[in-house]
Protein chains: 2
Amino acid sequence: MSETTRTDINSLGEFGLIKHLTGKFPLVQPSSKKGIGDDGAVIDNQGFHTVVSTDMLVEGIHFDLMYSPLKHLGYKSVVVNLSDIFAMNAIPRQITVSIAISNRFSVEALDELYEGIRAACEHYQVDLIGGDTTSSLRGLIISITAIGQVEPGKAVYRNTAKVGDQICITGDLGAAYLGLQILEREKQIYLDSPEVQPDLEEQNYIVGRQLKPEARGDMIALFAQNGIVPTSMIDISDGLASELYHICTQSGVGAYLEEDGIPIHPDAQMQALKFSLDPVTCALSGGEDYELLFTIDPKDLEKVRFLPDIYIAGEIVDAKDGIKLHTKGGNIHPITAQGWKHF
Amino acid sequence: MSETTRTDINSLGEFGLIKHLTGKFPLVQPSSKKGIGDDGAVIDNQGFHTVVSTDMLVEGIHFDLMYSPLKHLGYKSVVVNLSDIFAMNAIPRQITVSIAISNRFSVEALDELYEGIRAACEHYQVDLIGGDTTSSLRGLIISITAIGQVEPGKAVYRNTAKVGDQICITGDLGAAYLGLQILEREKQIYLDSPEVQPDLEEQNYIVGRQLKPEARGDMIALFAQNGIVPTSMIDISDGLASELYHICTQSGVGAYLEEDGIPIHPDAQMQALKFSLDPVTCALSGGEDYELLFTIDPKDLEKVRFLPDIYIAGEIVDAKDGIKLHTKGGNIHPITAQGWKHF
């Protein structure tokens, strides 16, 4: 962050700071009846159901300001929440953003954070309608709640996959995790020898996947255009293995995943090998890709097969058959769930 | 907190912990279509508008675990959010609860926190439908979003008070602030001489107002029963002066407040004098009472006059006349806004 000017957050006061940070957020959604400035916001979702999702990001746990520019962090904080709304087959319309900050942050630093939040709001056409701004004893904490709309009966859950359904994945997996490894390595180099400048040029794609992910709203639009309603869906935030495990246990089914079907970007393949990591393990256990994992009824297979950026990676099977990976080498391995271990 | 058993939060894992904490929260609201366990929750508000409010509470800033029992803290965290929904003339139906915790907290400690959250959900008949559980580097952070319903056109805002409207206050003010002073004093005594046991018996009412406040949903019900729609409303979280300032500046009006009309509990009067504080200053600048400040059209005065626990405390005047307090002694003082200074 470029801090030629440094305005202390105390200088604005609580009300002044809120006004300063949220003043540049116009409401664009017809459903946003009342935004920031009252005890609550008012939303008119008319005939639609309201979908709500919330996430908390903690400095030192979910992000490291040594390599996460605040603007990117603001953008990503919004994206991870919108990803959850899309994973319900819903369209996000509003967000609330609460932050707790220590006084080590200047107004200019917060401006960068909110600039990223604003960019995400604009890109995804969501309205910032509320939030809270308070101080923390240490570090930055961001808590975002996203609110969306879905036609009654069109919400897609995790617990509704059926035996015979095809398993689909959007985009590619593992790159965000590898991007994190690169950033962690560069941080270490910097801490050891601050004069060495990092060269991230070659890893642009991978690092970008970590620092500035996008949520797959384009896929939800594609589903609607093509009359597809997935039988189950979840966003891939904790790695493919963990998400598939959620769908299978909640649906009471098993899964047969083809290693060949797991989409991995060539840059991620290459980088994994440089780190002596298995690219498939990065996809299974890496996390933060914010792609969608969904299942479709076999009758929709022809509709899905020719859509861009969707990969068919296996089939839902009986629960007693477990959750298994069929490797390229012809072996079959059980897949175990691995959520992020925060604690 | 009684910690005869201490279970480390690591022992349950992230998914296990969430299941453990949220397993005892049944959904009771017909509008809660899908609760915890998916990417998002689904709400069907049918013909109603959705009202959303959010608050973040940070250990060491908003609460002190030396004198806030975790169960009370859980209860209060919910109440402060519901209070915002009521202040919109809406009925809260759902909440999401996100927490960040350091590993100094045991599962048993979190159980107490969630026991308080559960008690509030039960008392106010709101459903816990989502949230996030993560670790923090230091202390406990609680972020709650409350979601409510209001009939279209019945939401009451801060910016709609008119000249001639009567200013009304529910309950009594200043006690929560005095309760905090007592608790801070006892903490200091304890830190100086841990063998001295506090005697809070006599200050039961005041301390209770600080540790376990209630939100005035009963008033919103009373308004509906009596066909009253306030012309403006706000909840009193930062002290009467600050809230009146919000209503006046946002409505473009002034106010003439009668010192005589500010409701103060006899115990608070007494305690203020013991601390050599002015009780009215405690009411004006104290905060955390979670009562309602609202204005009514003069034609509704007869409807309001005989309702329990509502006090008429002044009149909305022209903006150029400012925001003034008419003291018992016959003097007139300007009232200045004083939000909490967190930073």
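In this predicted model, 17 residues of domain 1 of chain A are in contact with 20 residues of domain 2 of chain A. On the side of domain 1 of chain A that touches domain 2 of chain A, helix α2 (residues 70-86) of chain A gives the most, with 9 residues, and by class that side has 10 nonpolar, 4 polar and 3 charged residues. The two domains themselves run over 11-150 for domain 1 and 166-334 for domain 2 of chain A, and their C-alpha centres lie 26 Å apart.

Taken as a whole, chain A has 10 helices and 13 strands, and its C-alpha trace spans about 65 × 60 × 35 Å along the principal axes. For 343 residues, a compact globule would have a radius of gyration near 20 Å, and the 21 Å of chain A agrees with that expectation.

The second contact surface to consider is the one between the chains. Here 62 residues of chain A are in contact with 61 residues of chain B, and the element that gives the most to the side of chain A that touches chain B is strand β3 (residues 49-58) of chain A, with 9 residues. The residues of that side of chain A divide into 25 nonpolar, 24 polar and 13 charged. The two sides described so far can be set out by class as follows.

| Side | Nonpolar | Polar | Charged |
|---|---|---|---|
| Domain 1 of chain A, touching domain 2 of chain A | 10 residues | 4 residues | 3 residues |
| Chain A, touching chain B | 25 residues | 24 residues | 13 residues |

Strand β3 of chain A also takes part in pairing across the chains: β3(A) and strand β2 (residues 41-43) of chain B pair in the antiparallel sense over 3 bridges, and within this arrangement V52(A) stands opposite A41(B) in β2(B).

How are the two chains related? A rotation of 180 degrees, with 0.0 Å of shift along its axis, superposes chain A on chain B with an RMSD of 0.0 Å, and the two copies are thus related as by a two-fold rotation axis. Because 98% of the interface residues of chain A are also interface residues in chain B, the copies meet through the same surface.

As to confidence, the model scores ipTM 0.91 and pTM 0.92, while chain A averages a pLDDT of 91, with 97% of the residues scoring at least 70. An exception to keep in mind is the stretch of residues 339-343 of chain A, over which pLDDT stays under 50 and for which the model has 16 contacts beyond four places in sequence. Where pLDDT is low, the predicted coordinates should not be read in detail.

Technical notes. Residues are numbered from 1 along each chain as its sequence is written. Chains are lettered from A and ligands numbered from 1 in the order in which they are written. This is a predicted model: local features need pLDDT of at least 70, side-chain atom pairs count only at pLDDT 80 or more; totals for chains, interfaces and linings use all residues. Copies are superposed by least squares on the C-alpha atoms of residues with pLDDT of at least 70 in both. Two residues are in contact if their C-beta atoms, placed from the backbone, lie within 7 Å. Helices (H or I, at least four residues) and strands (E, at least two) are DSSP runs, numbered from the N terminus. Ala, Val, Leu, Ile, Met, Phe, Trp, Tyr, Cys and Pro count as nonpolar, Asp, Glu, Lys and Arg as charged, and the others, Gly among them, as polar. Two strands pair if DSSP finds at least two bridges between them. Domain bounds come from an automatic or database domain assignment. pLDDT is the predictor's confidence in each residue, from 0 to 100. The radius of gyration is taken over C-alpha atoms; the globule rule is 2.2 Å times the number of residues to the power 0.38.
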